Structure formats: C-alpha cells, structure tokens
Amino acid sequence: VTSGATRPGHILVVDDNPVNRMLLTRALESQGYAVGTANDGEQALDMLRSGDGATVDIVLLDILMPEMDGYETLRAIKQDDRIQHIPIIMITAVDEMDSVIRCIEMGATDYLPKPFNNALLQARISASLSSKRLRDLEIEYLIQFGHVIDAAGQVEAGTFDLSSIESVARRDDAIGRLARVFGQMAHEVRSREERLKQQVRELRIEIDEARQTRKVAEITETDYFRQLRDQAADLRRIIESGE
Amino acid sequence: MADARAIDPKALAALRELSGDDEFFAEMIDVFIEDTAGQLATFDSAIARQDASEVRRAAHSLKSNSMNFGASALALLCAEMEARGRDESIGIAGELLGRIRAEFEVVRAELLAMREDIRL
C-alpha cells in the first residue's frame, strides 16, 4: 500500500469516447490529479492489474463501450481481490438512472452525469478519494499491527528479535507508540530472564561447590579416615627418625 | 449557411470553460468531428448487418458528444437511434440515420466556423 497522504490522486478514466477522455483528463489534471486513460474495459483491467494499477485511487468508468462494457468491467474489478477496493465512479448520461442503480448494486461507489459539470466532478472525486485514502490507511494499519502481533508470537516462542518491529516503532502515531512500548517491554522481560538465568547458573555453581565440600567433609571426617591419617603420621615419624 | 439553432450557445460556453483554454477547445472540436465520422461509418456497417447493440453503442457515444457540444437536436436524434438499438428495431433505421447525417452537417459547419473564430 502506497502512502497516499502526500501524492496527488491517480485517476483512471475509462471511456471509448475520445472527447469525454480529453475533457475529463483536462478537468482532472487542472485540479492537480494524475490521470491515465483506457479506451475500453479490457485495457482498463490490464492497466489495473499491472504494476501501475497499484497507484490508481479512483476509476471513472463509462457504461456503454465496445468489447468489454462498463458492467463487465465493474464485475471483473469487484471479483479481483487485488483491485476490488478501488472506488469506481460510473460515467452516465442523465437518462440512464436504471443503469446507475444497477452499477451501484454491483459495487460502484458513485456516478457522474454527462454532460460534465466541473464542480460536481471535483466534489465526487474528492469524496471518493477521501474514502479511498481512509481505506488505504486502515489496510496499512492492519499490516503494521500484524507486525506487532507477529512479534508477540515471537516473544511467546522465545525467538523475539527487536528489529522485526523497528519499522513500525519509527512511526509517530499510536501504532508506533504501541510498537515502541511493546519492544521496550519485551526487551525488559528478556533482560530480566537473562538475569534470572545468570543467577540460576551462579547458584548452581555454588550448590556444586557446597556439594563437593560436603563430600570431601564426609570422607575426611570419618573415624576410618582419621585412623589412616594417624597411621600415615606414625609412618612419617618412623621414616624421619631412621628407625 | 449554418442553422443558428443547431448548437445551444450556453452548453457550448460551459464546455469551453471546462476545456480551460481555446487551443484545447479547438482540438476537441476536431476530435469530435473526426470521431463522429467514425460513428457514422459504424452506423452504416452495423445497420447493414443488423447489429442492434453496435447501433445502440454508437448512438449513445454520439449522443453523449452532441450533448457535450450543446447540439441538442442531434442528441435527440441519437437518443432515438439508441432506443431503436435497445429495442432491436433497426430494420428501417436508414431514414433516421439520414436525419442524423444532415443534422451533423449543420452542427459541423457551426463548430468549424467557431473554430476559425478562435484561431483568428
């Protein structure tokens, strides 16, 4: 998902009528939008499904076109997971209200009557663009939130790596704060765990040492051992006196 | 001499405003005239092979353009042709096509005159 807050909206105009394409392109470009055009539905679908399609914010779609008409194009867009979220504004003649209703039932966002009115065009594009941007933001939030959820799974599995949420933590919004706090807490938990492990290791060494000391004491403090030590001392004395 | 009533000056003024500048407006007039020639040829072939849906589509496109340029009478004739295409009753559409051609000639003459004015 492209960060769309700063770039101008990208509109795809789909109309077999060259005058309509020219008019809409000119009107939209003068409002600061980037405009692409397609002469029919098939060409539009090719463009939407290609790399360029990822940046299209709104499709302005004529109904009556040769080859693939507006209904078929609308249906194909709505059935394609990758592009079905793009708002579609139908271009219609004023006497085509039945067609408009059918298209809206099929998932079109809005309609634009012909002949075009500049203020209406601007209002409808602006409204659809706002809802598209909001949706883009929601998708982006879900993706970023997914990173934090993955990180929680890593913490649970003991494989957490702080770098996995670094990009989310750099955001200056609520998700960024959540990721930073989460990372910090996960880091603290891990540090505490490491400290505990270290303490356990040290304790184990102490226990081993105590155990060895006790074993040594168990051996050295028996009567038999004392007898042996006395005998050894006697032997040493005999040897030293040369007797 | 062109019939002054063929084009509604208000609608044409709105289109001129929408197009932004006169050079672009003149270009649109050229594209409309060229595109209409293509639509008329489409009518001929579609009527000859009794392809009602193609007649309907071409009529719809020409109607749309005619409305853009304020050619109300031409738009009405195209709406009639579009309805015939929709009802699949294009058997005797030749006469209607003749009226469309005649009306377009008037519209074309007016638009060409206007384009000349723009370029002066």
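This is a short tour of a predicted model, stop by stop, with something to select at each one.

**Stop 1: the start of chain A**

Select His10(A). This residue sits in strand E1 of chain A, which covers residues 10-14. Is His10(A) buried or exposed? His10(A) is buried because its relative accessible area is 17%, and the cut-off for buried is under 20%. Now add Gln227(A) to the selection. The two residues are 217 places apart along the chain, and their C-alpha atoms are separated by 100 Å.

**Stop 2: a cis peptide bond**

Go to Lys114(A) and Pro115(A). The peptide bond that joins them is cis, with omega at about -5°. Most peptide bonds are trans. Pro115(A) belongs to the loop between strand E5 (110-114) and H5 of chain A.

Next, select Phe116(A). The loop between E5 and H5 of chain A holds this residue too. Phe116(A) counts as buried, because its relative accessibility is 10%. What does Phe116(A) contact, leaving aside its neighbours within four places in sequence? In chain A, show Asn20(A), Leu23(A), Leu24(A) and Ile91(A). Then show Leu18(B) and Asn68(B) in chain B. For a distance, pick Gly53(A). Gly53(A) and Phe116(A) are 63 residues apart along the chain, with 25 Å between their C-alpha atoms.

**Stop 3: the largest nonpolar core**

Select Leu60(A), Phe43(B) and Met81(B). These are the residues with the most contacts inside the largest nonpolar core, which has 55 residues. Which helix gives the most to this core? The answer is helix H2 of chain B, residues 22-48, with eleven residues. In soluble globular proteins, nonpolar side chains tend to be buried together.

Stay on Met81(B) and show its contacts beyond four places in sequence. Among them are Phe43(B), Ile47(B), Val55(B) and Ala59(B). Ala93(B), Leu96(B), Leu97(B) and Ile100(B) are also in contact with Met81(B).

A second core is separate and has 22 residues. To find this second core, select Leu12(A), Leu74(A), Ile77(A) and Ile88(A), which are included in it.

**Stop 4: a phenylalanine in chain B**

Select Phe104(B), which lies in helix H5 of chain B. Phe104(B) is at 3% relative accessibility, so it counts as buried. Leaving aside neighbours within four places in sequence, its contacts are Phe32(B), Ile33(B), Thr36(B), Leu40(B) and Leu74(B). Add Ala75(B) for a distance. Phe104(B) and Ala75(B) are 29 residues apart in sequence, and 9.8 Å apart in space from C-alpha to C-alpha.

**Stop 5: two loops with positive phi**

Most residues other than glycine have a negative phi. Select Gln50(B), whose phi is positive, near 55°. Gln50(B) is in the loop between H2 and helix H3 (52-68) of chain B. Its relative accessibility is 45%, so Gln50(B) counts as partly exposed.

Move on to Glu88(B). Its phi is also positive, at about 55°, and it is not a glycine. Where is Glu88(B)? Look in the loop between helix H4 (72-86) and helix H5 (93-119) of chain B. Glu88(B) is exposed, because its relative accessible area is 65%.

**Stop 6: the second largest pocket**

Return to chain A. The second largest pocket holds about 190 Å³ of space. Select its lining in two steps. Begin with Gln154(A), Val155(A), Gly158(A), Thr159(A) and Phe160(A). Then add Ala186(A), Val189(A), Arg190(A), Glu193(A), Glu194(A) and Lys197(A).

Which element gives the most to this lining? H7(A) does, with six residues. Helix H5 (118-157) and helix H7 (174-220) of chain A each supply at least two lining residues. By class, the lining has four nonpolar, three polar and four charged residues.

**Stop 7: an exposed loop residue**

Select Asp172(A), in the loop between helix H6 (166-169) and H7 of chain A. Asp172(A) counts as exposed, because its relative accessibility is 80%. Add Arg133(A). The pair is 39 residues apart in sequence and 18 Å apart in space, C-alpha to C-alpha.

**Last stop: two cysteines**

Select Cys103(A) and Cys78(B). Cys103(A) is buried, with a relative accessible area of 0%. Cys78(B) also counts as buried, at 0% relative accessibility. How many disulfides does a search of the whole structure find? It finds zero over all chains.

Note on methods: Residues numbered from 1 in each chain as written. Chains lettered and ligands numbered in written order. Predicted model: local features only at pLDDT ≥ 70, side-chain atom pairs only at ≥ 80, totals over all residues. Heavy atoms only, no water. Disulfide = S-S within 2.5 Å. Buried < 20%, exposed > 50% of the residue type's maximum accessible area, 1.4 Å probe, protein only. 1 Å grid on protein atoms, 1.4 Å probe; cavity = no way out; pocket = protein on both sides within 12 Å on 5 of 7 lines; lining within 4 Å. Points joined across faces, edges and corners; volume = space filled by probe spheres on them. Helix = DSSP H or I, 4+ residues; strand = E, 2+ residues; numbered from the N terminus. Nonpolar A, V, L, I, M, F, W, Y, C, P; charged D, E, K, R; others polar. Core = buried A, V, L, I, M, F, W, Y, C linked by side-chain atoms within 4.5 Å. Contact = heavy atoms within 4.5 Å.
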